[in-house]
Amino acid sequence: MQFGSHQVKFKINSTEIVTDSSTSMMDTFPVLNKNAMFVPLGVLTTQLIIHQEWDQQNKLYSLSGKELMKTPMMENVEDLDKVPVDNENAFHLLSYKLTLEKEKVNLTFTAKNITGKKLDEGIEDLNTTFIFNNGSTAIEDRNRKRPSIEKDEIVTRSKDIPYPGTIENKKIIREKLEYILFKGRTLKR
């Protein structure tokens, strides 16, 4: 696996890992299941120097850092998201529920204001982007109303988006949802 200037090599059923030509051992090993290789994510992110965080209370694992946004797919998403941001880390994602239906995708999430202050109307930016396997994206309405948020307030939002698809031989082929990018931030005035 290549990420930025780092390269990590795993072997199926082996505890050996090679990072940038340096060999070390893991306390676990990758496995092959249904023609897919499963690697230990914590080891991978450590070797690639990607910030990771496990929230035991909410059972959420998050990856963060500017280097994640430098992949071609994420750079395309970032090009769609040119807004003046004041605080990239204004909210902490507490939970989410994703429902995939035939015609739509529903996401309900809960996030907490962690700025330590009340947020005035118009600056909250709880932002989700859906990324599908064909490269298409679905983003929220940038002109939506942005309510004020109290200090330490927990906010729950729900949104539906149409499930994208293409027509082939008179059949609708639904695209596969690959990623949901969540940003909990505040905008500059």
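# Reasoning through a predicted model

Visitor: Where does Glu 168 sit?

Guide: Glu 168 belongs to strand β15, residues 165-168. Keep in mind that this is a predicted model.

Visitor: Why is Glu 168 called partly exposed?

Guide: Its relative accessibility is 46%. Buried means under 20% and exposed means over 50%, with partly exposed in between. The value for Glu 168 falls in between, so partly exposed is the right label.

Visitor: How far is Glu 168 from Val 105?

Guide: The two are 63 residues apart in sequence. In space, their C-alpha atoms are 21 Å apart.

Visitor: Which residues of the largest nonpolar core touch the most other members?

Guide: They are Phe 91, Val 105, Leu 126, Phe 130, Phe 132, Ile 161 and Leu 177. The core has 17 residues. β11 (104-113), β12 (124-132) and β14 (154-162) each give at least two of its residues. The largest share, four residues, is from β11.

Visitor: What makes such a set a nonpolar core?

Guide: The members must be buried, of the listed residue types, and joined through side-chain atoms within 4.5 Å. In soluble globular proteins, nonpolar side chains tend to be buried together.

Visitor: What does Phe 132 touch?

Guide: Leaving out residues up to four places away in sequence, Phe 132 touches Ala 138, Ile 161, Tyr 163, Pro 164, Glu 175, Lys 176, Leu 177 and Glu 178. Another core lies apart from the one described, and this other core has ten residues. Among them are Ile 17, Met 26, Leu 44 and Leu 68.

Visitor: Why does Arg 146 count as buried?

Guide: Its relative accessibility is 7%. The cut-off for buried is under 20%, so Arg 146 qualifies. Arg 146 lies in the loop between β13 (137-139) and β14.

Visitor: What does Arg 146 touch?

Guide: Not counting residues up to four places away in sequence, Arg 146 touches Glu 121, Gly 122, Ile 123, Glu 124, Asp 125, Glu 140 and Leu 187.

Visitor: What makes the link between the side chains of Arg 146 and Asp 125 a polar contact?

Guide: The distance is 2.9 Å. A polar contact needs N or O atoms within 3.5 Å, so this distance fits.

Visitor: How many aromatic pairs does a search of the whole structure find?

Guide: The search finds one. The rings are those of Phe 109 and Phe 182.

Visitor: Why is the pair of Phe 109 and Phe 182 called edge-to-face?

Guide: Two values describe such a pair: the distance of the ring centres and the angle of the planes. Here the centres are 5.3 Å apart and the planes stand at 70 degrees. Centres must lie within 6.5 Å for rings to pair, and planes over 60 degrees apart count as edge-to-face. Both conditions are met, so the pair is edge-to-face.

Visitor: How do you know that the pair links distant parts of the chain?

Guide: Phe 109 is in strand β11, while Phe 182 is in strand β17 (residues 177-187). They are 73 residues apart.

Visitor: Is Phe 109 buried or exposed?

Guide: Phe 109 is buried, because its relative accessibility is 3% and the limit is under 20%. Its partner Phe 182 has 22%, so Phe 182 is partly exposed.

Visitor: What is the order of the strands in the open sheet of four strands?

Guide: The order is β1-β2-β3-β4, with antiparallel pairing.

Visitor: Why are β1 and β4 called edge strands?

Guide: β1 (2-3) and β4 (22-25) each pair on one side only.

Visitor: How do you know that β2 and β3 pair?

Guide: Strand β2 (residues 6-10) and strand β3 (residues 16-19) share three bridges in the antiparallel sense. Pairing needs at least two bridges, so they pair. One of the matches is Lys 9 with Val 18 of β3.

Visitor: How many bridges join β3 to β4?

Guide: Four bridges join them, and the strands run antiparallel. Val 18 stands opposite Thr 23 in β4. The β3 and β4 hairpin has two residues between the strands, and Asp 20 takes a positive phi near 50 degrees.

Visitor: What do β7 and β8 form?

Guide: They form a hairpin with four residues between them. Lys 59 in the turn has a positive phi of about 55 degrees. Five bridges pair β7 (residues 51-55) with β8 (residues 60-64) in the antiparallel sense.

Key:
Residues numbered from 1 in each chain as written. Predicted model: local features only at pLDDT ≥ 70, side-chain atom pairs only at ≥ 80, totals over all residues. Heavy atoms only, no water. Buried < 20%, exposed > 50% of the residue type's maximum accessible area, 1.4 Å probe, protein only. Contact = heavy atoms within 4.5 Å. Polar contact = N/O pair within 3.5 Å; in protein donor to acceptor, adjacent residues only side chain to side chain. Phe/Tyr/Trp six-rings, centres within 6.5 Å; stacked < 30°, edge-to-face > 60°.
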